[in-house]
Amino acid sequence: MRRFEIVLLSGAAVMGGLFAFSVLAGRRIERLVPPQGDLMAVDGRLLHYLDKGAGPPIVLIHGLGGQMGTFTHSLVDRLSKDFRVVAFDNPGSGYTPRRAGSPTGVRAQADAIAAAIRALNLGRPVVVGHSLGGAVALALALDHPDCVGALALVAPLTQPMRKPPPGFEGLAIRSPLLRRLLYWTVATPVYLMARNWAFQRVFAPEPPPPDFGRSGGGLLALRPGNIHAASEDMNAASGDLIEMTPRYGSIGVPVGVLFGRDDCILDLHVHGETMKESIPSLDLELIPGGHMLPVTCPDATAAFIARMAGKVLPNEKTERIASVQ
């Protein structure tokens, strides 16, 4: 019995030490990568957002484990010359908190962003979704059509997935209790040690920029709360997409998809080319590159978004002007 007590106390001490390390590491990361925008309160939620530029509105929605740095690294400055660009940290990501017990998944994220679009009087903006953000953008068009003038989907997740994409296997923990235990103890130390490998997996076959951890906000994803929220969202995504996919044909605004031919995270045929079966008018563009096109191919991504902005229907442009006035 004495030996069992020693083992139990030792285990508790180790877990306590890992928890303390994770919390301190998270605070250190926040000093290295401070917030870029402001917090807004809408429908009882706090959302971290960046509002830059003037002109027709564009809303940017990042992918799993990401935050607005995916776009601010290389894309926002290009777009804000001609557009009003609003980028969000999705609930649980970056500097947007997620309350315990809050709904998770792409439709819940779409609800939060729809409320923000209305609060900011953006009318019906061009909605850009990258990776999992593509699924959020599709949910926005399906559940809140008054908040979307066109969809510009960049390397988007559009179909349910039976297994996690490469590099995201560590998030596939379904037990809420085990998820909370692991992600608040061992996950942050492990991901910090393996961060170069993790960045390389996400960017492959292209190399990640040396400054992505700070300037692209990549380090923020390694905080325990963000890891926990990313796991919740990934495990909820397929359920949402199973319900959403039969409804794609009802989307009434222009939809475009930009994919890298060498994307190692999402299959361009499954998530891009098959979308033409549901949306025959889909504007599909394939370019050289991997998954992180907003960072690695910002000029081509900006040109694609601008092209989709040009497809917004005339009556929707009129509504935008009225909303500004």
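In this predicted model, R107 is partly exposed, at 27% relative accessibility. Its side chain meets that of D143 in a salt bridge, with an N to O distance of 2.9 Å. R107 belongs to helix 4 (residues 106–119) and D143 to helix 5, so the bridge ties together parts that lie 36 residues apart in sequence. D143 has a relative accessible area of 23%. That value makes D143 partly exposed, because the buried class requires under 20%. Opposite charges on side chains can pair when the charged atoms come close.

A second bridge also involves helix 4. The side chains of D146 and R118 meet at 3.1 Å, N to O. R118 sits in helix 4, while D146 occupies the loop between helix 5 and strand 6, so this pair ties together parts 28 residues apart in sequence. D146 is partly exposed, with a relative accessible area of 40%. R118 is likewise partly exposed, at 40% relative accessibility. Beyond single pairs, shared partners join R107, D143, E243 and R247 into one network of salt bridges.

The structure holds 14 salt bridges. One of them pairs the side chains of R84 and D51, at 2.6 Å from N to O. This pair links distant parts of the chain, with R84 in strand 4 (residues 84–88) and D51 in strand 2 (residues 45–52). The two residues are 33 apart. D51 has a relative accessible area of 33% and is partly exposed.

Charge also gathers without such pairing. R27, R28, R31 and R214 form a positive surface patch. Patch members must have no salt bridge, so none of these four arginines takes part in one. Helix 1 (residues 2–32) supplies the largest share of the patch, three residues. R27 lies in helix 1. Its relative accessible area of 48% makes R27 partly exposed. Patch membership requires over 30%, so R27 clears that cut-off.

Two buried positions were examined by their contacts. G129 lies in strand 5 (residues 126–130). Its relative accessible area is 0%, so G129 is buried. Leaving aside neighbours within four places in sequence, G129 is in contact with I61, G134, A137, A152, L153 and V154. By comparison, the C-alpha atoms of G129 and V42 are separated by 21 Å, and these residues are 87 apart along the chain. S231 is placed in helix 10 (residues 224–244). S231 is also buried, at 0% relative accessibility. Residues up to four places away in sequence not counted, S231 touches L171, I173, R179 and Y183.

Backbone geometry departs from the usual pattern at several loop sites. Most residues other than glycine have a negative phi, and most peptide bonds are trans. S131 is not a glycine, yet has a positive phi of about 60 degrees. S131 falls in the loop between strand 5 and helix 5 (132–143). At a relative accessible area of 11%, S131 is buried, because the value is under 20%. A155 is not a glycine either, and has a positive phi of about 45 degrees. A155 is found in the loop between strand 6 (150–154) and helix 6 (176–183). A155 counts as buried, at 0% relative accessibility. The peptide bond from A204 to P205 is cis, with omega near 5 degrees. P205 lies in the loop between helix 8 (195–203) and helix 9 (212–215).

Terms used
Residues are numbered from 1 along each chain as its sequence is written. This is a predicted model: local features need pLDDT of at least 70, side-chain atom pairs count only at pLDDT 80 or more; totals for chains, interfaces and linings use all residues. Side-chain values use heavy atoms; hydrogens and water are left out. Helices (H or I, at least four residues) and strands (E, at least two) are DSSP runs, numbered from the N terminus. Buried means under 20% relative accessible area, exposed over 50%, partly exposed in between (1.4 Å probe, protein chains only). Contact means heavy atoms within 4.5 Å. Patches are made of residues with over 30% relative accessible area and no salt bridge: like charges are joined within 9 Å, nonpolar side chains (Val, Leu, Ile, Met, Phe, Trp, Tyr) within 5 Å. Accessible areas come from the Shrake-Rupley method with a 1.4 Å probe; for residues, only the protein chains shown count as cover. Lys and Arg count as positive and Asp and Glu as negative; His and the chain ends are not counted. The place of a charge is taken as NZ of Lys, CZ of Arg, CG of Asp or CD of Glu.
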